[in-house]
Amino acid sequence: MLSLTYLSSVTETLDEAELVDLLAGSRARNEAAGITGLLLYRDGNVIQTLEGPHVAVEETFARIRRDPRHRGVIVLLREEVAERAFPEWSMAFRSVGVRQGEVPGFSDFLNNDERARTRAPDTSAGHLHATFRATMR
């Protein structure tokens, strides 16, 4: 199984409604492709880990690279993994109105509380996501 983590910036910042729509569409596509992972979005910056079958991850990442909404796409980590660090695909973004459980797949990973801080898996991808959370304030 392939785990791929990338960093990018968006060409236009997204509001909460656009992020919720993106979450719904991405969850459906990723589930159909057997992809899980975590996407964090804060102030126009993105870090995402995609996990799953090699072909599905590579095709999904190629689509992301072609997406004109992304710029400066940088692969941080590409590695073979025995198990998924993020067994469900979810997305976290800085939000006032959305809370965990209200929107399927929304993660409170970017919250500052201790519970959210300790949830990063002890993997290379988990450490990258934790660093993003700590530095993108």
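Modeller: Helices and strands are here DSSP runs, of at least four residues for a helix and at least two for a strand, numbered from the N terminus. The model we are looking at is a predicted one.

Biologist: How many helices and strands does the secondary structure of the protein chain come to, and in what order do the elements run?

Modeller: The chain holds 4 helices and 5 strands. Read from the N terminus on, their order is β-α-β-β-α-β-β-α-α.

Biologist: What share of the residues in the protein chain is buried?

Modeller: A residue counts as buried when its relative accessible area is under 20%. Among the 137 residues of the protein chain, the buried ones make up 45%.

Biologist: Where around the axis of α1 do its buried residues fall, and what arc holds them?

Modeller: The 18 residues of α1 should span 26 Å at 1.5 Å a residue, and the distance between its end C-alpha atoms agrees, at 26 Å. Its buried residues are Leu19, Leu23, Ser26 and Asn30, whereas the face turned away from them carries the exposed residues Asp21, Ala28 and Ala32. Seen down the axis, the buried residues line one face of the helix, because they fall within an arc of 80 degrees.

Biologist: Which residue just after α1 takes a positive phi?

Modeller: The place to look is just after the helix, where a positive phi of about 75 degrees appears. The residue that takes this angle is glycine 34.

Biologist: Why do the buried residues of α2 lie on the same side of the helix?

Modeller: Helix α2 covers residues 54–66 and reaches 18 Å from its first C-alpha to its last, close to the expected 18 Å. The buried residues are Ala56, Val57, Thr60, Phe61 and Ile64, and they sit on the same side of α2 because the arc they cover around the axis is only 125 degrees.

Biologist: Which exposed residues does the face of α2 turned away from its buried side carry?

Modeller: On the buried side, the cover includes β1 (2–10), α1 (16–33), β3 (45–52) and β4 (70–80). The face turned away from that side carries Val55, Glu59 and Arg66.

Biologist: Which two residues form an aromatic pair, and is the pair stacked, edge-to-face or tilted?

Modeller: The count of aromatic pairs comes to 1. The partners are tyrosine 6 and phenylalanine 61, with 5.5 Å from centre to centre and 50 degrees between the planes. Tyrosine 6 belongs to strand β1 and phenylalanine 61 to helix α2, 55 residues apart, so the pair links distant parts of the chain. Planes under 30 degrees apart would count as stacked and over 60 as edge-to-face, which means that the pair of tyrosine 6 and phenylalanine 61 is tilted.

Biologist: Are tyrosine 6 and phenylalanine 61 buried or exposed?

Modeller: The relative accessible area of tyrosine 6 is 0%, and that of phenylalanine 61 is 3%. With the cut-off for burial at under 20%, tyrosine 6 and phenylalanine 61 both count as buried.

Biologist: Which residues of the largest nonpolar core touch the most other members?

Modeller: This core has 17 residues, and β1, α1, β2 (36–42), β3 and α2 each supply at least two of its residues. A second, separate core of 8 residues includes Leu38, Phe86, Ala125 and Phe132. In the largest core, the residues that touch the most other members are Tyr6, Tyr41, Val46, Leu50, Val57 and Phe61.

Definitions and conventions. Residues are numbered from 1 along each chain as its sequence is written. This is a predicted model: local features need pLDDT of at least 70, side-chain atom pairs count only at pLDDT 80 or more; totals for chains, interfaces and linings use all residues. Side-chain values use heavy atoms; hydrogens and water are left out. The expected span of a helix is 1.5 Å times one less than its number of residues. Buried means under 20% relative accessible area, exposed over 50%, partly exposed in between (1.4 Å probe, protein chains only). The arc is that of the directions from the helix axis to the C-beta atoms. Contact means heavy atoms within 4.5 Å. Rings of Phe, Tyr and Trp (its six-membered ring) pair if their centres lie within 6.5 Å; planes under 30 degrees apart count as stacked, over 60 as edge-to-face and the rest as tilted. A nonpolar core is a set of buried Ala, Val, Leu, Ile, Met, Phe, Trp, Tyr and Cys residues joined through side-chain atoms within 4.5 Å.
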